[in-house]
Amino acid sequence: MGKALEGIRILDFTHVQSGPTCTQLLAWFGADVIKVEKPGVGDVTRAQLRDVANADSLYFTMLNSNKRSITLDTKNPEGKAVLEELIKSCDVLVENFAPGALDRMGFSWTRIQELNPRMIVASIKGFGPGPYQDHKVYENVAQCVGGAASTTGFDDGPPLITGAQIGDSGTGVHLALGIVTALFQRTVSGRGQRVDAAMQDAVLNLCRVKLRDQQRIQQGPLKEYPQYPHGTFGDSVPRAGNASGGGQPGWILKCKNWETDPNAYIYFVAQAPVWDAICNVIGKNEWITDPDYATPAARLPRLKAIFATIEEWTASKTKFEATAILSAHNIPCGPILSMKEIAEDPSLRKSGTIVEIDHPVRGSYLTVGNPIKLSDSPTVVERSPLLGEHTGEILRDLLKLDEPRIRNIEMSGALGERFPIAAE
């Protein structure tokens, strides 16, 4: 059985993280993703944070699996002509250039439609229409303007950026859904369309519960926040530390060896339906009937003290021992896993969530696998392409150019300074 997106061809003009996240997902589902790169340089992340001399960085390899690479100088007349042929031959063009860059290249939406009326043009920008639409945005800026930073951290500290790349990779995932949706609509309409994803919008979509709380706070204190009842609430959603953000109180608690291990912690949810089990496990059976603890409403103003008591129990166990005991009683919890523990987890290797890949220059490396599993379209993660590795086969096999034409393109410098491909 073929892959889910087999037969779909993506012209990938993306770089760094947000766009490559999107196109890598599409490649994992079977789309033929052709990454167009600047001759001699390529995606800037090939050289960023490089850990192996003269090899593509992990930054690049982990965002560009399963793609093909062509080097092309689109300012060169021959290079521009090749790009026009690629636009005619592809289904989707994906870009995350600075605002207006595609127009300046001579490939406005109108021009692309003339070349291929079925083409879907998908773009990631920092902001949607408005006063900031021409501003450049990076990951941390997106987290700030999308509401994540102002609602992350402890109430007595500054706003915080989360380690999850919700601005870059989060927007890339949103754009991938938009592309697949546009491809589906094209089966009915026969027409391409523009798909836009703004990083501010994507971050806000992931922060929707905080927008929920912004409306609730107008009616009074947010009782599930740790500021209640002794702290103060202003007119906007405060930072809530490690509170769960939902109706079930949760907190991060110390476990055995926390003094020396920065990740010896567990996340503990004091879920109401298992309150009796919680009391039994931590040796506080009297709380089951005590009116100060027996109901969720009674517990709310005492949550700090309750979690402090629970922490006395968790601190006597390793995070894995505590997790096993609590899970056996159906008490929601989870160990704080370090990236080292995640990288070495055999179950994640077995499920394909973490994959070890061989690379001809840098050797083997770990990368994330497809987080979305399809039963009829399993993902096989392949290595990222070397710069310009597939230039010859794309010109010859995809565009069907003959050898004299390929030689002329080479001689024009449109492919950059590289090995001859006309007869390779």
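# Helix H17 and selected sites in a predicted model

At the N-terminal end of helix H17, Asp402 acts as a cap, with one of its side-chain oxygens lying 2.9 Å from the backbone nitrogen of Arg405. This description rests on a predicted model, in which the protein has 17 helices and 11 strands. The points below begin with H17, turn to the protein as a whole, and then take up Thr61, Ser169 and a surface patch that includes Val141.

**Helix H17**

- Helix H17 spans residues 403-412, and its buried residues are Ile406, Ile409 and Glu410. These residues lie on the same side of H17, because the arc that they cover around the axis is only 100 degrees.
- The other side of H17 carries Pro404 and Met411, which are exposed.
- The cover over the buried residues of H17 includes two helices, H3 (77-89) and H16 (391-398).
- Just after the helix comes Gly413, whose phi is positive, at about 85 degrees, while the N-terminal end of H17 is the one capped by Asp402.

**The protein as a whole**

- Along the principal axes, the C-alpha atoms of the protein fill a box of roughly 90 × 45 × 40 Å.
- The protein has 424 residues, of which 43% are buried.
- The accessible surface of the protein amounts to about 21,100 Å², and carbon and sulfur atoms account for 55% of that surface.
- When contacts between residues at least 6 apart in sequence are considered, 64% of them link residues that are at least 24 apart.

**Thr61 in helix H2**

- Thr61 belongs to helix H2, which covers residues 58-61, and its relative accessible area is 0%, so that it counts as buried, the limit being under 20%.
- Residues up to four places away in sequence being left out, Thr61 touches Gln24, Asp56, His359, Arg362, Tyr365 and Ser384.
- One of these partners, His359, is 298 residues from Thr61 along the chain, yet the C-alpha atoms of the two residues are separated by 9.0 Å.
- A polar atom of the Thr61 side chain also lies 3.3 Å from the backbone oxygen of Leu58.

**Ser169 in helix H7**

- Ser169 is located in helix H7, which runs over residues 168-189.
- With neighbours within four places in sequence set aside, the residues in contact with Ser169 are Gln17, Thr21 and Glu139.
- Two of these contacts involve polar atoms of the side chains: the side chains of Ser169 and Gln17 are joined by a polar contact of 2.8 Å, and the side chain of Ser169 makes another polar contact, of 3.2 Å, with the side chain of Thr21.

**A nonpolar patch with Val141**

- Tyr138, Val141 and Val145 together make a nonpolar patch of about 270 Å² on the surface.
- Val141 is placed in helix H6, which comprises residues 139-145.
- The relative accessibility of Val141 is 37%, and Val141 therefore counts as partly exposed, a class that lies between the buried limit of 20% and the exposed limit of 50%.

Methods:
Residues numbered from 1 in each chain as written. Predicted model: local features only at pLDDT ≥ 70, side-chain atom pairs only at ≥ 80, totals over all residues. Heavy atoms only, no water. Patch = residues over 30% accessible without salt bridge, like charges linked within 9 Å, V, L, I, M, F, W, Y side chains within 5 Å. Areas by Shrake-Rupley, 256 points an atom, 1.4 Å probe, with all protein chains shown as cover. Salt bridge = Lys/Arg side-chain N within 4 Å of Asp/Glu carboxyl O. Helix = DSSP H or I, 4+ residues; strand = E, 2+ residues; numbered from the N terminus. Buried < 20%, exposed > 50% of the residue type's maximum accessible area, 1.4 Å probe, protein only. Arc of directions from axis to C-beta. Contact = heavy atoms within 4.5 Å. Polar contact = N/O pair within 3.5 Å; in protein donor to acceptor, adjacent residues only side chain to side chain.
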